[in-house]
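Colleague: I am new to this structure and would like to learn how to read it. Could you show it and then take me through its features one at a time?

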Amino acid sequence: MTELTELVGTWMRRQRWYSTKSVEPKLRLLASFETEPEPADAGVRIVTHFFADDAPRTPRVYQVPVVARDDRDGDPAAFIGEAGGRHLYDGPAEEAYVSALAALMGGAARTEGRDAHAQGHTLGGTIAVRSSRRLTGEQSNTSIVAELDDGRLTLIKVFRVVQDGENPDISTLAALTQGGSRRTPALLGWLSGSWPAPSGQGAAHGELALVQDFVPGAEDGWELAVDAAERGEDFADRAYDLGRGTAELHRLMASALPTREAEQEDIAQALDGMFRRLTLTTTEVPEVGELRAGIAAVYESAAAGPLPTLQRIHGDLHLGQVLHSGERGWQFIDFEGEPLRPLAERSLPDATMRDVAGMLRSFDYVAGSLAQRQPPVDASAWAARARQAYLDGYASVVGTELHDHQRLLDAFELDKAVYEILYEARHRPAWIPIPFTAVQRLLSAQQVG
Ligand SMILES: Nc1ncnc2c1ncn2[C@@H]1O[C@H](COP(=O)(O)OP(=O)(O)O)[C@@H](O)[C@H]1O
Ligand SMILES: O=P(O)(O)O[C@H]1O[C@H](CO)[C@@H](O[C@H]2O[C@H](CO)[C@@H](O)[C@H](O)[C@H]2O)[C@H](O)[C@H]1O
């Protein structure tokens, strides 16, 4: 197995989804399960491996589905290497794997393995794939566009880092689908699994993949916004609709999933979380330390305001998590929450203002990224207008809610920008100035206001 582990380690280092870019992977094979190819094919083996990576401070577990072929007919871009006389390919690029995965999700197939297993769940019937295409791009998971036997177009998402516990990407989307949501693509099914915990203590249980409707002809919200800002095209109507859509999504979530009134203790916990983030960010980006007193004052003042109702929220809302379709308007995707936040926290009822703050930050990111172009593009007025239109659209559904919780919204916006400084420090250091200058600006607006 060392041969396989070495091959996968070298290959994984180059993958976008390898989550700790600054270190070399230190892999340990935990367990594997096998799935029968459908239709049967003696020249193909489909094996899903679970590797612990001991390189980061807290070990991470990766799901690595591999198709081992007797021939070399796989996609060269998905070639992992040669082991045991077979040619190994990244599973999601191979139709054999995608068909087997769909059969598993639809309950029409089983896995074989000693210490790792998987179990399908559907909200409809069986799921049979006619053809598939792996998407490439800047993603933390691997997505595949698959056409089903009945012609339905779907998007299959294979989680790469797998975690013990409930993944809100599935629990939120399942509840919204069952509640008849028109703001999200419908969930058809998913695969959950178990594998040995990397600590060696017992088994971990979590989600491995999901299949949802593909939104045809949809444009990515981030690209749409950057294009508009670059051309100086007004985005106010789109932003207003996005604000309305966000509020509608929140209403749907509140009716499909538990809600409760916040207590002072919840606010204390939220503040505690914000301060922990601030400390962690300051450790990695010491310049943030100079702003700490001002940030702390905004956090403290939020605690004195009225208490919000808590409910399921998106958790990492930004323009890259929305699609715009001519037919269906704004659609919300990727309910996984912030990747830097522990999984157990991500399904807890939270304040809707956290999502609103996330989207406000995203309009600022559009301007921030254009300011970094050569020559720079000044989109600050564009962003200010989009921001106001978004807030107006949100308020058109919820009335004075945001106004009543303005200080909490301010604190969430700052907290998000602090999170972004940490995220950028780890993934895109050249972009640190975008959230950093935002923190400075948000603080000086507080002093004026
Ligand atoms: N249901 C869908 N229909 C059409 N395109 C989608 C759909 N879901 C995701 N996408 C596309 O796939 C990309 C990655 O999806 P996302 O859920 O954000 O994955 P990740 O967790 O890897 O960030 C999105 O930016 C979007 O362009
Ligand atoms: O999309 P993910 O769930 O992986 O979210 C993470 O990555 C995002 C970057 O792609 C990051 O978002 C930040 O950059 C966006 C532009 O690329 C911008 O629209 C967002 O406002 C900004 O926060 C997100 O924070 C992170 O969790």
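Modeller: One definition comes before the binding shells: helices and strands are DSSP runs, a helix of at least four residues and a strand of at least two, numbered from the N terminus. In those terms, strand E10 (153-158) and strand E13 (203-213) each supply at least two residues of the shell around ligand 1. Note also that this is a predicted model.

Colleague: What are the mean pLDDT of the protein and the ipTM of the model?

Modeller: The mean pLDDT is 95, and 99% of the residues reach 70 or more. The model scores ipTM 0.94 and pTM 0.93.

Colleague: Back to ligand 1. Which residues around ligand 1 come nearest?

Modeller: There are 18 residues around ligand 1, and Gln139, Asn141, Pro185, Val215 and Asp334 come nearest. By class, the shell has 8 nonpolar, 5 polar and 5 charged residues.

Colleague: Where does ligand 1 lie with respect to domain 1 and domain 2?

Modeller: Ligand 1 lies between them, because domain 1 (2-213) and domain 2 (219-448) both give residues to its shell.

Colleague: Asp334 was on that list. How should I read its backbone?

Modeller: Start with the general idea: most residues other than glycine have a negative phi, and most peptide bonds are trans. Aspartate 334 has a positive phi, near 60°, and is not a glycine. This aspartate sits in the loop between strand E18 (329-332) and helix H8 (343-346).

Colleague: Is aspartate 334 buried or partly exposed?

Modeller: Aspartate 334 counts as partly exposed, because it has 19 C-beta neighbours inside 10 Å; a buried residue needs 20 or more.

Colleague: You mentioned trans peptide bonds. Which peptide bonds here are cis?

Modeller: One joins glutamate 38 and proline 39, with omega about 0°. Proline 39 belongs to the loop between strand E1 (27-35) and strand E2 (44-53). Another cis bond runs from glutamine 374 to proline 375, where omega is near -5°. Proline 375 is placed in the loop between helix H9 (353-371) and helix H10 (380-398).

Colleague: H9 brings me to the other ligand. What does H9 give to the shell around ligand 2?

Modeller: H9 gives 3 residues, the most to that shell. Helix H12 (406-427), like H9, supplies at least two. The shell around ligand 2 has 14 residues, of which Ser140, His318, Arg361, Ser362 and Tyr365 come nearest. Sorted by class, there are 5 nonpolar, 4 polar and 5 charged residues.

Colleague: How do I read strand pairing?

Modeller: Strands of a sheet pair through backbone hydrogen bonds, either parallel or antiparallel. Here, strand E4 (residues 79-83) and strand E5 (residues 86-90) are antiparallel, paired over 4 bridges. Phenylalanine 79 has tyrosine 89 in E5 as its bridge partner. The hairpin of E4 and E5 has 2 residues between the strands, and glycine 84 takes a positive phi near 55° there.

Colleague: What is the order of the open sheet of 3 strands?

Modeller: The order is E14-E17-E18, and the pairing is antiparallel. Strand E14 (219-220) and E18 are the edge strands, each pairing on one side only. E14 pairs with strand E17 (residues 322-325) over 2 bridges, and aspartate 220 stands opposite leucine 323 in E17.

Colleague: And a helix? Why is helix H2 described as largely enclosed?

Modeller: In general, an α-helix has 3.6 residues a turn, so residues three or four places apart point the same way. In H2 (residues 95-105), 10 of the 11 residues are buried, so the helix is largely enclosed by the rest of the structure. Among the buried residues are Tyr97, Val98, Leu101, Leu104 and Met105. Just after H2, glycine 107 has a positive phi of about 80°.

Colleague: Which residues do the UniProt domain annotations cover?

Modeller: In an unreviewed entry, UniProt lists "domain: Maltokinase N-terminal cap" for residues 11-92. Over that range the chain is 2% helix and 48% strand, with the end C-alpha atoms 15 Å apart. The annotation "domain: Aminoglycoside phosphotransferase", also from an unreviewed entry, covers residues 208-336. There the chain is 50% helix and 16% strand, and the end C-alpha atoms are 13 Å apart.

Key: Residues numbered from 1 in each chain as written. Chains lettered and ligands numbered in written order. Predicted model: local features only at pLDDT ≥ 70, side-chain atom pairs only at ≥ 80, totals over all residues. Pairing = 2+ DSSP bridges. UniProt positions renumbered as here; feature names shortened; annotations may be inferred. Buried ≥ 20, exposed ≤ 12 C-beta atoms within 10 Å, placed from the backbone. Near = placed C-beta within 6 Å. Nonpolar A, V, L, I, M, F, W, Y, C, P; charged D, E, K, R; others polar. Domains from an automatic or database assignment. pLDDT = per-residue confidence, 0-100.
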